[in-house]
Amino acid sequence: MGQQLDPKLLIGVCLVVAVVLVVGLGLLAAVAGFASQKKSGCAGDTSASVAPVALNGLVGLPVKAASSDSPDSDSAGSGGSVATVDSIEGIKIPYKNTKLGLEEHLTETKPKHYVGPDSKPLTFAGAGAYAPHTTDQEHWYFNEYWPTGGAGWEKIPHKKLLITSKETGKSVVVSAEEAGPAASVTARDGIGAGAPPEVFAALGLKDKGAAYDKSPKSDKNRITVAFVKDQKGATLGPADGSGGSDSGGDGCAPQNDEDGGEAVSADFIKKIIFRDRRRIKPTALVLHYTAGAPDVNTTISALKSNSACGSGGCSVQMTIDGDGKIYQLMNPLTSQGAHAACINDKAIGIEIGGTGESQLLGNEKQFQAVVAASVTILKKYDIQFEEDAAGKKGLLSHTEVGEKSCSASRKYSKPDPGQRYMEKVRSAVKEQMGSQ
Ligand SMILES: [Zn+2]
């Protein structure tokens, strides 16, 4: 995948090759932001092996804030014993009165996929946008065309909503696990939300085959949608409590975005350029140099235009410019980037702005920022300091990744950020880690 290229031939940035379909999705994905894992056994470790498949063509296109669809919707407060609200944490529901489309199951459920009499056939739609999901979240999942243009969109994942069928009057508490369908689908078919077969069954909508009744005005499968007021207390499943949850939970609490910014101690400037729907559980931090002018905009354009990672270009979580400013380019930092083949699903990357090792060695201010950022990332994600590139762990150079992290047939050679520089960084990082 291009790893064998002479680095000098690469366009500007030294980055190499994402694993998979970063393509347009990576940059555009409407739906980044979501969950990071907080418990090691709960999440994310397999996510990298699953390609981001679009769900029935419904999902994940670049999104502008969608407008509310129906003037007559008044779902807030309805739904039997479950109290609801129209907005929560400043987020409004795009479609409060809409048709529900039938979705397949999500992959990346922990510990297992929900299987029941109402879930056949158990076909999978691919990775859900807000993966990982608990079994309950998958069982009762729900999607809408969540707005991403304004503040608050990153708060959507795993929010609980109450949906009520206008045909049967039955209500189900569902969990926002994905974004979709695209606005064009909603406009064409009137379907502004989606859910898997179990939700249809719980709503009493037996006629699943008619789920895609393509008539915007039709009331077939029409539902009202509202946020559940008590996000923590509410149980997913039928709102009358008769259905309940299947698994009793798997011990994995719904995850929230942990990268609001306050948790990072180095001075990070948020300049979110790249998005990816996958989350990683980082075990490594990889340092690069950009092989270009050390300003952030040069770095970003070089990343975007670097075809070594596919038509969508490369991406990285952070870059540090020549003035020592640390830019966070992805949010959360556990978004998977495309900067170092063979380890992208395990590593956060830092692109250090500069033409090469000698320039980096001559920039003390930038060096201090690199050290501060590295210490912060290692501590925040509990990444070990010791180099174990073969095990995809530790503070690593791109060189070490190319030589040790790949299987024999995929090994490649990269010069960055340079051995002397790496030694200098390691020495300072070790000292700071020890003193904190
Ligand atoms: Zn590199």
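These legends accompany a set of close-up views of a predicted model.

**View 1. The whole chain, to get our bearings.** The protein chain folds into nine helices and 20 strands. Of its 436 residues, 55% count as buried. Sequence-distant partners feature strongly here: among contacts between residues at least 6 apart in sequence, 79% join residues at least 24 apart.

**View 2. Strand E4 and its two partners.** Welcome to strand E4, residues 97-102, where five of the six residues are buried. One partner is strand E13 (residues 222-228), which runs antiparallel to E4 and is joined to it by three bridges. To find this pairing, look for Asn 97, which stands opposite Thr 224 of E13. Another partner is strand E12 (residues 191-195), which pairs with E4 in the parallel sense over four bridges. Here Leu 102 is a handy landmark, with Ala 195 of E12 as its bridge partner.

**View 3. An open sheet of six strands.** Reading across the sheet, the order is E15-E18-E17-E19-E16-E20, and the pairing is mixed. Strand E15 (268-274) and strand E20 stand at the edges with a single partner strand each, so one side of each has no neighbour in the sheet. From one strand to the next, the twist averages 25°. At the E15 edge, four bridges link E15 to E18 in the parallel sense. Lys 270 marks the spot, standing opposite Gln 328 in E18.

**View 4. The largest nonpolar core.** This core holds 50 residues, and those touching the most other members are Leu 285, Val 286, Met 318, Ile 320, Ile 350, Val 370 and Ala 373. Strands and helices both contribute: E16 (284-289), E17 (318-320), E18 (326-330), E19 (347-352) and E20 (394-397) each supply at least two residues, as do helices H5 (296-305), H7 (364-380) and H9 (419-435). Helix H7 gives the largest share, with eight residues. Apart from this core lies another one, of 40 residues, including Tyr 145, Ile 156, Leu 162 and Ala 182.

**View 5. Met 318 and its contacts.** Setting aside neighbours within four places in sequence, Met 318 is in contact with Ile 326, Tyr 327, Gln 328, Leu 329, Ile 350 and Ala 373. One of these contacts, Gln 328, may be familiar as the residue opposite Lys 270 in the pairing of E15 with E18.

**View 6. Helix H8, wrapped by its surroundings.** Helix H8 spans residues 398-405 and has six of its eight residues buried, so it is largely enclosed by the rest of the structure. The buried ones are His 398, Thr 399, Glu 400, Val 401, Gly 402 and Ser 405. These residues pack against E16 and E20.

**View 7. Met 422 in helix H9 and the cis proline it touches.** Met 422 is found in helix H9. Residues with 20 or more other C-beta atoms within 10 Å are classed as buried, and Met 422 counts as buried because it has 20 such neighbours. Not counting residues up to four places away in sequence, Met 422 touches Leu 287, Ser 397 and Pro 417. Pro 417 is found in the loop between H8 and H9, and the peptide bond leading to it from Asp 416 is cis, with omega near 0°. Glu 357 lies 65 residues from Met 422 in sequence, with 9.4 Å between their C-alpha atoms.

**View 8. Thr 290 in the loop between E16 and H5.** Thr 290 is found in the loop between E16 and H5. Thr 290 counts as buried, with 30 C-beta neighbours inside 10 Å. Asp 321 is 31 residues away along the chain, and the two C-alpha atoms are separated by 9.8 Å.

**View 9. Backbone details in two loops.** The loop between E18 and E19 holds Pro 332, which is joined to Asn 331 by a cis peptide bond with omega of about -5°. Cys 342 lies in the loop between E18 and E19 too, and its phi is near 85°, a positive value in a residue other than glycine. Cys 342 is buried, with 23 other C-beta atoms within 10 Å. Now turn to the loop between H7 and E20 for Asp 382, which is not a glycine but has a positive phi of about 55°. Asp 382 counts as exposed, with 10 C-beta neighbours inside 10 Å.

Terms used:
Residues are numbered from 1 along each chain as its sequence is written. This is a predicted model: local features need pLDDT of at least 70, side-chain atom pairs count only at pLDDT 80 or more; totals for chains, interfaces and linings use all residues. A residue is buried if 20 or more other C-beta atoms lie within 10 Å of its own, exposed if 12 or fewer, and partly exposed in between; C-beta atoms are placed from the backbone. Two strands pair if DSSP finds at least two bridges between them. A nonpolar core is a set of buried Ala, Val, Leu, Ile, Met, Phe, Trp, Tyr and Cys residues joined through C-beta atoms within 7 Å. Two residues are in contact if their C-beta atoms, placed from the backbone, lie within 7 Å. Axes are lines fitted to C-alpha atoms, for helices over the stretch in contact, and angles run from 0 to 180 degrees between N-to-C directions.
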